[in-house]
Amino acid sequence: MAGRTARLVLLAGAAALASGSQGDREPVYRDCVHRCEERNCSGGALRHFRSRQPIYMSLAGWTCQDDCKYECMWVTVALYLKEGHKVPQFHGKWPFSRFLFFQEPASAMASFLNGLASLVMLCRYHTSVPASSPMYPTCVAFAWVSLNAWFWSTVFHTKDTDLTEKMDYFCASTVILHSIYLCCVRTVGLQHPAVASAFRALLLLMLTAHVSYLSLVRFDYGYNLAANVAIGLVNVVWWLAWCLRNRRRLPHVRKCVVVVLLLQGLSLLELLDFPPLFWVLDAHAIWHISTIPVHVLFFSFLEDDSLYLLKESEAKFKLD
């Protein structure tokens with residue numbers, strides 16, 4: 001829900017700096033990378049590198065040039081620390097100690113655990129909520145959209161490339177839009193299905209236009225940030241307004257209120273931008289870890305609400 005917006009804000013800021021962070025502007029870093037690539041990334045030296053590279057690294061897309069940047073990053077960091085300077089960022093990111101093929105191990109693992117939590121709660125929803133519940137198809141679709149987003153988040157934190165970055169951005173946007181659609185169906189669509197269908201078409205058109213512009217015209221980080229903040233605010237306000245309106249009639253909406261408020265509060269962790277502890281754990285990873293129980297709580301709300309709606313619809317059917 002709203003937490004994806006907070007994450008997009010941080011990603012957009014980092015990406016805007018990616019072409020010129022302090023570390024990668026340093027002559028010592030640039031010279032180191034240039035010499036390393038000349039020495040290791042062509043001819044016989046490249047063949048030797050590939051013969052020594054672990055298979056899991058090559059499968060994950062790590063190249064000789066990537067290895068040069070990684071090694072030279074630490075050379076530069078060591079010089080900064082030796083001279084008493086603060087740790088610099090490189091290409092919009094803090095320096096992380098690579099584990100196996102994971103570029104950002106803590107964030108990748110936390111993204112995976114968020115996805116695993118979503119999968120477990122989806123299985124629980126399947127088990128406890130009959131398919132005849134009015135919200136069943138929409139909630140299941142939301143769960144799969146969330147799973148897809150966490151998959152790409154895991155891939156992006158494993159290896160940052162142009163493709164994985166875009167997929168992470170686009171899938172995060174899709175989650176927010178689907179959360180808005182979920183709210184629309186719950187608040188309006190059950191009584192007026194035609195309205196929900198028209199709104200779904202509008203959201204799909206918006207997503208298509210958004211992705212097309214960023215993919216085919218230019219990837220404008222400022223526009224992407226503004227667009228996602230706008231739809232994130234719509235998502236938060238709509239859910240909170242509905243929850244507060246129904247808090248007495250539907251006690252389980254308290255879970256939804258807690259989810260929205262927690263995600264807004266936890267997003268403040270993203271403002272604590274500091275060099276990774278032990279070169280592994282930064283504010284972004286801590287934020288990812290903190291959202292795991294929040295997703296469990298939101299799916300618990302969806303389960304309770306779906307069962308309530310099923311009971312309500314069965315009661316109406318008996319009266320008729």
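## Salt bridges, cores and annotated spans

The structure, which is a predicted model, holds nine salt bridges. Three of these pairs are set out below with the separation of their closest N and O atoms.

| Salt bridge | Closest N and O atoms |
|---|---|
| K159 with D66 | 3.2 Å |
| D220 with R218 | 2.8 Å |
| D304 with K255 | 2.6 Å |

The salt bridge between K159 and D66 links distant parts of the chain, since K159 stands in the loop between α8 and α9 while D66 belongs to helix α6, 93 residues apart. Both K159 and D66 are buried. In the pair formed by D220 and R218, D220 has a relative accessibility of 16% and therefore counts as buried, whereas R218, with a relative accessible area of 48%, is partly exposed. The salt bridge of D304 with K255 joins helix α14, where D304 lies, to helix α12, where K255 lies, and so ties together parts that are 49 residues apart in sequence. D304 is partly exposed, with a relative accessible area of 26%, and K255 is likewise partly exposed, its relative accessible area being 26%. In addition, K93, E104 and D160 are joined into one network by salt bridges that share partners.

Turning to nonpolar packing, the largest nonpolar core contains 48 residues, of which L182, W239, F298, F301 and L302 touch the most other members. At least two residues of this core are supplied by each of α7 (105–128), α8 (136–158), α9 (162–189), α10 (193–217), α11 (221–245), α12 (253–266) and α14 (292–319). The largest share, 10 residues, comes from α9. Another core, of 15 residues, lies apart from this one and includes C41, M73, W74 and V77.

Two of those residues, M73 and V77, recur around F90, a residue placed in the loop between α6 (64–82) and α7. Leaving aside neighbours within four places in sequence, F90 is in contact with S21, G23, D24, Y29, M73, T76 and V77. F90 counts as buried because its relative accessibility is 5%, which falls under the 20% cut-off. The C-alpha atom of F90 is separated by 6.6 Å from that of Q22, although the two residues are 68 residues apart along the chain.

T138, in helix α8, also counts as buried, at 10% relative accessibility. When its neighbours within four places in sequence are set aside, T138 is in contact with H178, Y181, L182 and V185; L182 is among the residues that touch the most other members of the largest nonpolar core.

On the surface, M109, F112, L113, L116, L119 and V120 make a nonpolar patch of about 500 Å². M109 is found in helix α7 and is partly exposed, with a relative accessible area of 43%.

As for annotation, an unreviewed UniProt entry lists residues 106–123, 135–155, 167–189, 225–244, 256–279 and 285–302 under "transmembrane region". In the model, residues 106–123 are 100% helix and 0% strand, with end C-alpha atoms that lie 26 Å apart. Residues 225–244 are 100% helix and 0% strand as well, and there the end C-alpha atoms are 28 Å apart.

Key:
Residues numbered from 1 in each chain as written. Predicted model: local features only at pLDDT ≥ 70, side-chain atom pairs only at ≥ 80, totals over all residues. Heavy atoms only, no water. Core = buried A, V, L, I, M, F, W, Y, C linked by side-chain atoms within 4.5 Å. Buried < 20%, exposed > 50% of the residue type's maximum accessible area, 1.4 Å probe, protein only. Helix = DSSP H or I, 4+ residues; strand = E, 2+ residues; numbered from the N terminus. UniProt positions renumbered as here; feature names shortened; annotations may be inferred. Contact = heavy atoms within 4.5 Å. Patch = residues over 30% accessible without salt bridge, like charges linked within 9 Å, V, L, I, M, F, W, Y side chains within 5 Å. Areas by Shrake-Rupley, 256 points an atom, 1.4 Å probe, with all protein chains shown as cover. Salt bridge = Lys/Arg side-chain N within 4 Å of Asp/Glu carboxyl O.
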